[in-house]
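Trainee: I have a new model open and would like to practise reading it. Could we go through a few spots together?

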Amino acid sequence: MAQSQTVPASAVISALSYALDLTEGQPMGHAMQTCLIGMRLATELKLPQAQQADLYYALLLKDAGCSSNSSKLFHLLHSDDIRAKGDLKDKDWTRMSLDRVRYTLSHIADGATVLSKLKHLAHVAINDPTTSCDLVKLRCERGASIARQVGFSLDVAMAIASLDEHWDGQGYPMGLKGEEIPVLSRVMNLAQTLAVFWMNGGPREALLMLKRRSGRWFDPHMVRAAKLLVKDGSLFAGMDRADLQTEVGTLEPGVKLGLNNDRMDHICLAFAEVIDSKSPYTFRHSQGVAAAAVAIGERMGLPQAEVVQLRRCGLLHDIGKLSVPNTILEKPGKLADAEWQVVKKHPFYTLEILRRVPGFEQMSEVAAAHHERLDGKGYFRGWGADELNLHARILAVADVYDALAAERPYREALPLDTVFSIMEKETPHALDSTCMEALKQAPVPMPDLPKGRHLQKPQILPDLVPAHAF
Ligand SMILES: [Fe+2]
Ligand SMILES: [Fe+2]
């Protein structure tokens, strides 16, 4: 289905921002709440309209680089990266304090003895601030690059790149100080911190935080504006409304950015990169599934519009995987039952995110069915042949194909004969035989690497291949 110019790009980006919230350990809606606060601050600060238009998209995409440091954070702490990120949001990480030691102890080496936690803590402490700076740098640079990939201006990218800089020069990654920090980044950092403190303790906690961090984290002039809006009750009004996405849609300044096919493709490709950056084991997987689904669809003679939708489904099918911690994604060998339950929920999150994308409602069902099997033994709904349409069957075949045929950091690509012989054992009871036949007759091109990217090797190679690597 061709995209209509009447659908604003913001409707798609705000829906996909739910995925970024999941990766950051934030409640779904955090990026949109931050956008609401940031735009209200921008109005109070009387920022020019062109600057406000850049700010709007920078706020929605502020966490676009969030998945790029998940694996590194997991290997640093040996602990749940999503929980660690979520709990860090209301901590003052620029100062050594009891609070910070408590945070580190509770997020280090899950399940280890106190002694080994302390040893690990010493190791982390010695390498902190360099490590913290590297983690922030990775996230900021990737976020900025994704904003550019979607087609936004250099100012939007720069705003995201400097999101974690602080007024007193103690932030990361550049240590910029005062007005060296782009004005949009100053608004964004203030807005995202206010969103977290409002969520955790309401306006009172938000005001206390402003008092503590004014002149250290934040521009005092902006803090004064924020205090006025908190006190008159307008800064947080409607933050918990059910139709937040609609409300955020009305905030885009000036002429709304339309959504043509090219822009939709850029957005899907950019988010595929966000998904695949979460773990070295899923490297290039989304693009690989998209390529396989297109090859099957074309071989079967599907109309071009359906092939386009299949490609987008392939790119976004694992977006729910951003909800799975790297402790599970990168666990070598067998998963415990509770861990499997977390993995099995990722297509549910795919549905929850994609059904909010305008024009993608039907395809969200297809994307969310990629682990369903014709015999009803798949997940997350246990759907069977009666429920699985042709597109869902194609995507399921494409997903298994890429998981087996693609090169992985821990092994070379499997030969095609081996791939097909493994898949045939699942056909026709689980995988669709017509789709399999089409796949065998249609050579699938390997996706290109994004410019400047290389095969990302995991820091620790497992002895066992993770069975859940797709
Ligand atoms: Fe999946
Ligand atoms: Fe997948």
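Mentor: Happily! Lys46 sits in the loop between helix H2 (30-44) and helix H3 (49-60). Keep in mind that this is a predicted model.

Trainee: Does Lys46 count as buried or exposed?

Mentor: Let's count neighbours. A residue is exposed if 12 or fewer other C-beta atoms lie within 10 Å of its own. Lys46 has 8 C-beta neighbours inside 10 Å, so Lys46 counts as exposed.

Trainee: Which residue does the cis peptide bond with omega of about 5 degrees join to Thr427?

Mentor: Look in the loop between helix H21 (416-424) and helix H22 (433-441). The residue joined to Thr427 by that cis bond is Pro428.

Trainee: How do helix H13 and helix H14 lie to each other, in terms of the angle between their axes?

Mentor: Helix H13 (residues 261-276) and helix H14 (residues 285-299) have axes 8 Å apart and pack at an angle of about 130 degrees. Angles over 145 degrees would count as roughly antiparallel, and 65 to 115 as roughly perpendicular. The angle here is in neither range, so H13 is to H14 oblique.

Trainee: Where does the largest nonpolar core lie with respect to domain 1 and domain 2?

Mentor: That core has 121 residues, and Ile160, Ala293 and Val397 have the most contacts inside it. Its largest share, 14 residues, comes from helix H10 (residues 183-213). Because domain 1 (8-258) and domain 2 (279-441) both give residues to this core, its place is between them.

Definitions and conventions. Residues are numbered from 1 along each chain as its sequence is written. Chains are lettered from A and ligands numbered from 1 in the order in which they are written. This is a predicted model: local features need pLDDT of at least 70, side-chain atom pairs count only at pLDDT 80 or more; totals for chains, interfaces and linings use all residues. Axes are lines fitted to C-alpha atoms, for helices over the stretch in contact, and angles run from 0 to 180 degrees between N-to-C directions. Helices (H or I, at least four residues) and strands (E, at least two) are DSSP runs, numbered from the N terminus. Angles under 35 degrees count as roughly parallel, over 145 as roughly antiparallel, 65 to 115 as roughly perpendicular and the rest as oblique. A nonpolar core is a set of buried Ala, Val, Leu, Ile, Met, Phe, Trp, Tyr and Cys residues joined through C-beta atoms within 7 Å. A residue is buried if 20 or more other C-beta atoms lie within 10 Å of its own, exposed if 12 or fewer, and partly exposed in between; C-beta atoms are placed from the backbone. Domain bounds come from an automatic or database domain assignment.
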